[in-house]
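Visitor: I would like to learn how the terms used for a protein model are justified. Could you take me through some of them with care?

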Amino acid sequence: MLTCRAVWKKLAPLARASSTVCRQNVRRAGWNNARTPLCVPVAHMSTGPVGGGGDNLKYALLVGAAFVSGITYAVITLKGDQKRHVERMTEISSRKQKSASQIQTEPPVTVMEAPLETILEAAAAPDAEAVAPSETAEPPPAADSKPSLPSHAPYLLIGGGTASFAAARSIRARDPGAKVLIVTDEPDLPYMRPPLSKELWFSDDPSVTETLRFKQWNGKERSIYFQPPSFYVDAEELSGAENGGVAVLTGRKVVHMDVRGNKVKLDDDMEISYDKCLIATGGVPRNLQVIERAGEEVIKRTTVFRKIDDFKSLDKVSRNTQSITIIGGGFLGSELACALGRRSTETGLEVIQMFPEKGNMGKVLPEYLSNWTTEKVKKEGVKVIREAVVKSVSFKDDKLEIKLKDGRVVRTDHIVAAVGLEPNVDLAKSAGLEVDSDFGGYRVNAELQARSNIWVAGDASCFYDIRLGRRRVEHHDHAVVSGRLAGENMTGANKPYWHQSMFWSDLGPDVGYEAIGIVDSSLPTVGVFAKATAKDTPKAATEESGRRAQCFNILDDPIFCFFFLLVCCIGFV
Ligand SMILES: Cc1cc2nc3c(=O)[nH]c(=O)nc-3n(C[C@H](O)[C@H](O)[C@H](O)COP(=O)(O)OP(=O)(O)OC[C@H]3O[C@@H](n4cnc5c(N)ncnc54)[C@H](O)[C@@H]3O)c2cc1C
């Protein structure tokens with residue numbers, strides 16, 4: 001973000017150089033006034049040829065002529081200097097109007113005008129000297145001056161999500177003076193997404209959409225932002241930051257990568273070169289084609305959920321409509337259904353959830369656990385419609401009409417499409433990077449490397465897991481683990497992906513589960529149950545050990561079981 005102070009700091013050396021040049025001109029004018037007309041004749045008078053045999057008249061005429069020409073020279077010089085001074089002032093004050101990049105190219109010209117001592121003097125001069133209006137006649141920069149953003153970043157991270165933030169931290173941990181620049185097209189500093197579909201909905205704070213603070217299950221409150229603004233260095237100060245730091249360019253999108261030239265182009269045409277680059281562009285929520293083709297009225301009553309703004313707008317919708325239908329039975333759809341379902345008991349909002357599977361989380365959980373989960377979701381106030389395949393959506397009589405393939409019709413006010421994620425590989429073409437045809441995402445090796453100085457982490461990375469083979473994972477902890485690994489490798493660690501990330505989901509405050517490895521309902525299942533006690537609530541378990549496991553459902557694939565227990569831990573009360 002642009003601050004006047006920051007811009008002024010950038011411009012101060014330039015201002016000092018310029019103002020010193022001006023002062024130099026003034027001084028020169030002073031010397032000219034004093035020396036040229038006076039010194040020469042005085043010197044002449046004191047050391048010049050004596051005599052002339054008493055030809056005093058001639059001598060007086062000579063001295064008089066010299067005096068007159070001296071005065072004339074002084075006047076001309078003064079006028080010339082004054083004109084140059086005025087021109088210089090005009091030129092300096094017009095600089096404010098120019099862009100920061102233009103300004104950056106100007107100092108050498110200015111510096112060339114000044115002698116070396118002047119440049120050194122300018123560099124050593126305190127800020128106060130440079131800004132003293134009587135000396136420089138240069139006003140402080142206007143608030144709308146553009147910041148001078150770095151044109152080079154030793155570490156450039158594309159995307160401002162979890163993976164990028166984790167990478168920034170590990171880069172700084174291994175290379176403490178590192179200068180890390182994160183470019184994100186979101187308006188926000190890096191934040192975590194999981195609370196957007198969970199804790200934030202259960203907050204008692206009426207201003208939660210503004211504070212974005214939530215209570216964790218252990219009762220402690222925190223913000224969804226990984227760090228407060230004070231953690232970051234201003235982007236325009238990054239290049240000059242003595243100890244480096246992490247800077248974030250918000251609201252800017254990388255639209256082109258020149259891999260051979262080691263540079264990227266942003267959506268405002270700015271170019272940034274890099275030494276090492278991380279792509280952590282996450283993904284874009286999918287929508288149903290039948291919705292995309294259904295016209296404007298349907299689209300404007302449909303939410304695809306991923307960002308802070310989506311949370312804010314769905315919160316608003318849930319307060320102003322009578323019926324919301326969630327399409328999708330996976331993590332996100334089920335979490336949002338429970339969150340909205342809880343609200344339905346308070347406001348009478350109708351919450352419907354529909355999906356093609358037989359039960360909630362049907363692609364992940366074995367059937368009996370999926371059925372059990374569905375009952376829990378219903379208890380949260382959700383009308384669950386199973387085995388529902390959407391055939392068409394239309395807008396009629398002020399309502400959305402969802403027709404299912406089996407003939408059922410659902411009328412609702414708003415749709416939340418929670419039907420998966422498309423990994424964001426927009427840069428693949430310009431960068432010439434490979435996209436995996438099976439899993440999607442940028443194809444990288446076990447070190448998460450796509451090219452010699454390009455790494456990919458998080459949802460957008462299709463990596464080679466040295467234990468489980470080629471995979472792509474869309475989970476928070478994976479974003480942390482892979483971001484951290486990429487950051488380490490960007491600083492020369494050369495480590496392969498081996499640490500298995502976990503994932504979790506919470507369906508309301510009573511149901512939570514954690515898992516590791518490849519968890520898929522098509523794998524054979526072994527269930528190990530322990531009787532739940534009062535201590536086994538998610539909250540109590542978290543407080544005690546940081547985990548929430550009451551019973552274990554072990555999804556055991558014979559091929560992988562030697563290396564991994566594919567564990568899904570289900571908590572219930
Ligand atoms: C609501 C919600 C709840 C979730 N809950 C859980 C959970 O309970 N448990 C779990 O394990 N996982 C959960 N996840 C998944 C988890 O949040 C993601 O796996 C994780 O955020 C992925 O991190 P990432 O850094 O790869 O991508 P992201 O967090 O998506 O970050 C990518 C960023 O890059 C930006 N970007 C993209 N392209 C460009 C570009 N060209 N230039 C600049 N910026 C760009 C995007 O706008 C975005 O800000 C949840 C996700 C959501 C949406």
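**Rings and their surroundings**

Guide: Tyrosine 232 has a relative accessibility of 10% and so counts as buried, since buried means under 20% relative accessible area, exposed over 50% and partly exposed in between, with a 1.4 Å probe and protein chains only. This is a predicted model, in which local features need pLDDT of at least 70 and side-chain atom pairs count only at pLDDT 80 or more, while totals for chains, interfaces and linings use all residues. Residues are numbered from 1 along each chain as its sequence is written, and side-chain values use heavy atoms, with hydrogens and water left out.

Visitor: Why is phenylalanine 231 called partly exposed?

Guide: Its relative accessible area is 31%, and this value lies between the two limits, so phenylalanine 231 is partly exposed.

Visitor: What makes tryptophan 201 and phenylalanine 311 an aromatic pair, and why is it called edge-to-face?

Guide: Rings of Phe, Tyr and Trp (its six-membered ring) pair if their centres lie within 6.5 Å, and planes under 30 degrees apart count as stacked, over 60 as edge-to-face and the rest as tilted. For tryptophan 201 and phenylalanine 311 the centres are 5.2 Å apart and the planes 90 degrees, so both conditions are met.

Visitor: How do you know that phenylalanine 231 and tyrosine 232 form an edge-to-face pair?

Guide: Their centres are 4.9 Å apart, with 85 degrees between the planes, so the pair passes the distance limit and the angle limit.

Visitor: Why is tryptophan 201 called buried?

Guide: Its relative accessible area is 6%, which is under the limit, so tryptophan 201 is buried.
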